[in-house]
Every structure is written in structure tokens, then in C-alpha cells.
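Here are some notes to go with the model you asked about. Keep the structure open while you read and look up each point as it comes.

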Amino acid sequence: MKKYHSPCPVETTLNLIGNKWKMLIIRDLLSSTKRFGELRASIGASKNQTISQKVLTDNLKELESAKIIKRKVYAEVPPKVEYSLTPLGQSLEGVLQSLSSWGESYKDSDRIRH
């Protein structure tokens, strides 16, 4: 298991969610539970970016092992799997809102400078 904890709380947070794909997965699961295909389609859709199946699977497994998301498998054929945020994952909503606000401010200040 990957070591997430660090003496620095910022580093601990970055260890858990500090890549682009994990942040986008969390962002998209904040709105609703999603199946794998829905999640893959929604990530990066606004910028026409795509995430490979392997990268999405790896990131989902890491987020699940860190207790940020939960995976629910339904006993049906073909198998149905849904992903949602745990209460711990939901607690990241304020972090993402802050990042979004900061990003908007940065874009606005960049427009003013040019």
C-alpha cells in the first residue's frame, strides 16, 4: 500500500489526491454516482481530453484504497459497477471549490495582464 501520510498535512493531501485525474474523478463524483463508462466520458469532456481505461482503473483503485471512493458491484450479468464518494471523499468538496475559485481568479488576472 502506498504511503499517504506525511508530517506535512499539505503533502498528505497531495499524496492522496495530487494528480490531475484523481481531482477530476472526485470533481465528477461530487455531483452523482457514476458507472465506469460514464465517469470516463465525463472526465476531461470540456477540453476533449481522454483518460485511458488503465489509468482510470488505477486511479479508482488508489482512491478506493484510500477510502475516498467506494465501489459497488451489482450481482447481474453483465456486471454493473458504480462509483461514489465516501463521506471522507465528500469532505473534499470545499477543497475543490477553493481550487476552482483560485483558478477563476488566476484566469481573470491573466486576462487583465494581457
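1. Start with leucine 96, which sits in helix H6, residues 93-113. Keep in mind that you're looking at a predicted model. Leucine 96 has a relative accessibility of 11%, so it counts as buried, the cut-off being under 20%. What does leucine 96 touch once its neighbours within four places in sequence are left aside? The contacts are Met23, Ile26, Arg27 and Leu30. For a sense of distance, try glutamine 49: its C-alpha atom is 20 Å from that of leucine 96, and the two are 47 residues apart along the chain.

2. Now step back to the whole chain. It has six helices and three strands, and reading along the sequence gives the pattern α-α-β-α-α-β-β-α-α. The C-alpha atoms fill a box of roughly 55 × 35 × 25 Å along the principal axes. Of the 114 residues, 29% are buried. Take the contacts with a separation of 6 or more: 43% of them come from residues 24 or more positions apart.

3. Next, have a look at how H2 (residues 20-31) meets H4 (residues 53-65). Their axes are 10 Å apart and the packing angle is about 70 degrees. That angle falls between 65 and 115 degrees, so H2 counts as roughly perpendicular to H4. From H2, the residues taking part are Trp21, Lys22, Ile25 and Ile26, and they meet Val55, Leu56, Asn59, Leu60, Glu62 and Leu63 in H4. Sorted by class, this contact has seven nonpolar, one polar and two charged residues.

4. H4 deserves a point of its own. Its 13 residues should span 18 Å at 1.5 Å a residue, and the end C-alpha atoms are indeed 18 Å apart, so the two values agree. Which residues of H4 are buried? They are Leu56, Asn59, Leu60 and Leu63. Looking down the axis of H4, you'll find these buried residues within an arc of 100 degrees, so they line one face of the helix. Lys54 and Lys61 are exposed on the other side of H4.

5. So what do the buried residues of H4 pack against? The partners are helix H1 (9-17), H2, helix H3 (36-42), strand E2 (69-74) and strand E3 (80-85).

6. Follow the chain out of H4 and you come to lysine 67, in the loop between H4 and E2. Its phi is near 70 degrees, a positive value in a residue other than glycine. That's worth a look, because most residues other than glycine have a negative phi. Is lysine 67 buried or exposed? With a relative accessibility of 56%, lysine 67 counts as exposed, the cut-off being over 50%.

7. Isoleucine 69 lies in strand E2. Its relative accessibility is 3%, so it counts as buried. Not counting residues up to four places away in sequence, isoleucine 69 touches Leu29, Leu60, Leu63, Glu64, Tyr83, Ser84, Leu85 and Thr86. Its C-alpha atom is 29 Å from that of serine 105, a residue 36 places away along the chain.

8. Finally, check the loop between E2 and E3, where you'll find proline 78. The peptide bond from valine 77 to proline 78 is cis, with omega near -5 degrees. For context, most peptide bonds are trans.

Technical notes:
Residues are numbered from 1 along each chain as its sequence is written. This is a predicted model: local features need pLDDT of at least 70, side-chain atom pairs count only at pLDDT 80 or more; totals for chains, interfaces and linings use all residues. Side-chain values use heavy atoms; hydrogens and water are left out. Helices (H or I, at least four residues) and strands (E, at least two) are DSSP runs, numbered from the N terminus. Buried means under 20% relative accessible area, exposed over 50%, partly exposed in between (1.4 Å probe, protein chains only). Contact means heavy atoms within 4.5 Å. Axes are lines fitted to C-alpha atoms, for helices over the stretch in contact, and angles run from 0 to 180 degrees between N-to-C directions. Angles under 35 degrees count as roughly parallel, over 145 as roughly antiparallel, 65 to 115 as roughly perpendicular and the rest as oblique. Ala, Val, Leu, Ile, Met, Phe, Trp, Tyr, Cys and Pro count as nonpolar, Asp, Glu, Lys and Arg as charged, and the others, Gly among them, as polar. The expected span of a helix is 1.5 Å times one less than its number of residues. The arc is that of the directions from the helix axis to the C-beta atoms.
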